[in-house]
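Q: Please take one part of this chain, look at it closely, and then set it in the context of the whole fold. I would like a connected account rather than a list.

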Amino acid sequence: MSNEGKKVKVHYVGTLDDGTKFDSSIDRGEPIEFTCMAGQMIKGFDEAVKDMAQGETKNVHIPADQAYGPRDESLIQRVPTDTIPNVDQLPVGQTVYFQGPMGQPIPAKVVSIEDGVATFDLNHEMAGKDLNFEITLVEIED
């Protein structure tokens with residue numbers, strides 16, 4: 001029985017191939033809710049939940065192309081520091097947010113500030129990484 005188009009609640013633990021945990025709804029104490037196969041989740045996660053039964057737990061390996069895609073070097077942006085207000089307050093190694101053309105926030109990691117150039121990485125932090133999830137389907141709403 002397919003869960004496609006149904007609202008579901010799941011608990012999950014996400015890890016990288018080396019075992020590093022990067023996210024967990026269990027740690028937050030609340031399952032996530034989404035409409036299955038509606039594009040609200042990464043493709044591999046949606047596919048895993050689509051045919052699960054309530055109460056079932058499944059371990060899945062999701063390759064990068066079914067998750068956040070490959071890293072895209074064209075998303076590394078170099079900006080002259082003299083065009084950036086308060087450049088001295090940019091937190092190297094952390095994420096800042098730019099405003100997109102429609103007012104939406106665009107996350108960018110500050111990679112470096114040196115020689116008059118600030119380097120930003122606009123790739124998703126999980127781009128290029130294979131992901132592993134232990135997913136438990138908690139609830140299905142019809």
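A: The part chosen here is Thr-81, which, leaving out residues up to four places away in sequence, touches Val-87, Ile-113, Gly-116, Val-117 and Ala-118. The model is a predicted one, and the values that follow are computed from it. Thr-81 is found in the loop between β5 and β6. Its relative accessible area is 17%. Because the limit for a buried residue is under 20%, Thr-81 counts as buried.

The loop that holds Thr-81 runs between β5 (76-80) and β6 (95-99), and Asn-86 lies in it as well. Asn-86 has a relative accessibility of 51%; as exposed means over 50%, Asn-86 is classed as exposed. The backbone of Asn-86 has a positive phi of about 55 degrees, although this residue is not a glycine. The loop between β5 and β6 thus holds a buried residue, Thr-81, and an exposed one, Asn-86.

On the other side of the contacts, two partners of Thr-81 are Gly-116 and Val-117. Asp-115 is placed in the loop between β7 (105-114) and β8 (117-121). Phi of Asp-115 is near 50 degrees, a positive value in a residue other than glycine. With a relative accessibility of 78%, Asp-115 counts as exposed. Pro-80, in strand β5, offers a distance to this region: its C-alpha atom is separated from that of Asp-115 by 9.1 Å, with the two positions 35 residues apart along the chain. Pro-80 is itself partly exposed, at a relative accessible area of 41%.

The nonpolar residues of the chain may now be considered. In soluble globular proteins, nonpolar side chains tend to be buried together. The largest nonpolar core of this model has 20 residues, and those with the most contacts inside it are Val-10, Phe-34, Phe-45, Val-49, Phe-133 and Ile-135. At least two residues of this core come from each of β1 (7-16), β3, α2 (43-50), β4 (57-62) and β9 (131-141). A second core, separate from the first, has seven residues, among them Ile-84, Leu-90, Ala-108 and Val-110.

Helix α2 shows how the main core is assembled. Six of its eight residues are buried, so the helix is largely enclosed by the rest of the structure. The buried residues are Gly-44, Phe-45, Asp-46, Ala-48, Val-49 and Lys-50, and they pack against β1, β3, β4 and β9. Phe-45 illustrates this packing: apart from residues up to four places away in sequence, it touches Val-10, Tyr-12, Ile-32, Phe-34, Ile-62, Phe-133 and Ile-135.

Two further residues extend the picture. Thr-35 belongs to strand β3 (residues 32-35). Leaving aside its neighbours within four places in sequence, Thr-35 is in contact with Gly-5, Lys-6, Lys-7, Gln-40 and Asp-46; Asp-46 is one of the buried residues of α2. The C-alpha atom of Thr-35 is 23 Å from that of Gln-104, which lies 69 residues away along the chain. Asp-130 occupies the loop between β8 and β9 and counts as partly exposed, at 30% relative accessibility. With residues up to four places away set aside, the contacts of Asp-130 are Leu-16, Asp-17, His-61, Ile-62, Pro-63 and Ala-64. Ile-62 is thus touched both by Asp-130 and by Phe-45. Asp-130 and Gln-54, which are 76 residues apart in sequence, have their C-alpha atoms 26 Å apart.

The whole chain gives these details their setting. It contains two helices and nine strands, which follow one another from the N terminus as β-β-α-β-α-β-β-β-β-β-β. Of its contacts with a separation of 6 or more, 62% join residues 24 or more positions apart. The radius of gyration is 19 Å, whereas a compact globule of 142 residues would have one near 14 Å. Along the principal axes, the C-alpha atoms fill a box of roughly 60 × 35 × 30 Å. Of the 142 residues, 34% count as buried, and Thr-81 is one of the buried residues. The accessible surface amounts to about 8,700 Å², with 48% of it belonging to carbon and sulfur atoms. The chain has 12 positive and 25 negative side chains, and the centres of these two sets lie 3 Å apart.

Methods. Residues are numbered from 1 along each chain as its sequence is written. This is a predicted model: local features need pLDDT of at least 70, side-chain atom pairs count only at pLDDT 80 or more; totals for chains, interfaces and linings use all residues. Side-chain values use heavy atoms; hydrogens and water are left out. Helices (H or I, at least four residues) and strands (E, at least two) are DSSP runs, numbered from the N terminus. The radius of gyration is taken over C-alpha atoms; the globule rule is 2.2 Å times the number of residues to the power 0.38. Buried means under 20% relative accessible area, exposed over 50%, partly exposed in between (1.4 Å probe, protein chains only). Contact means heavy atoms within 4.5 Å. Accessible areas come from the Shrake-Rupley method with a 1.4 Å probe; for residues, only the protein chains shown count as cover. Lys and Arg count as positive and Asp and Glu as negative; His and the chain ends are not counted. The place of a charge is taken as NZ of Lys, CZ of Arg, CG of Asp or CD of Glu. A nonpolar core is a set of buried Ala, Val, Leu, Ile, Met, Phe, Trp, Tyr and Cys residues joined through side-chain atoms within 4.5 Å.
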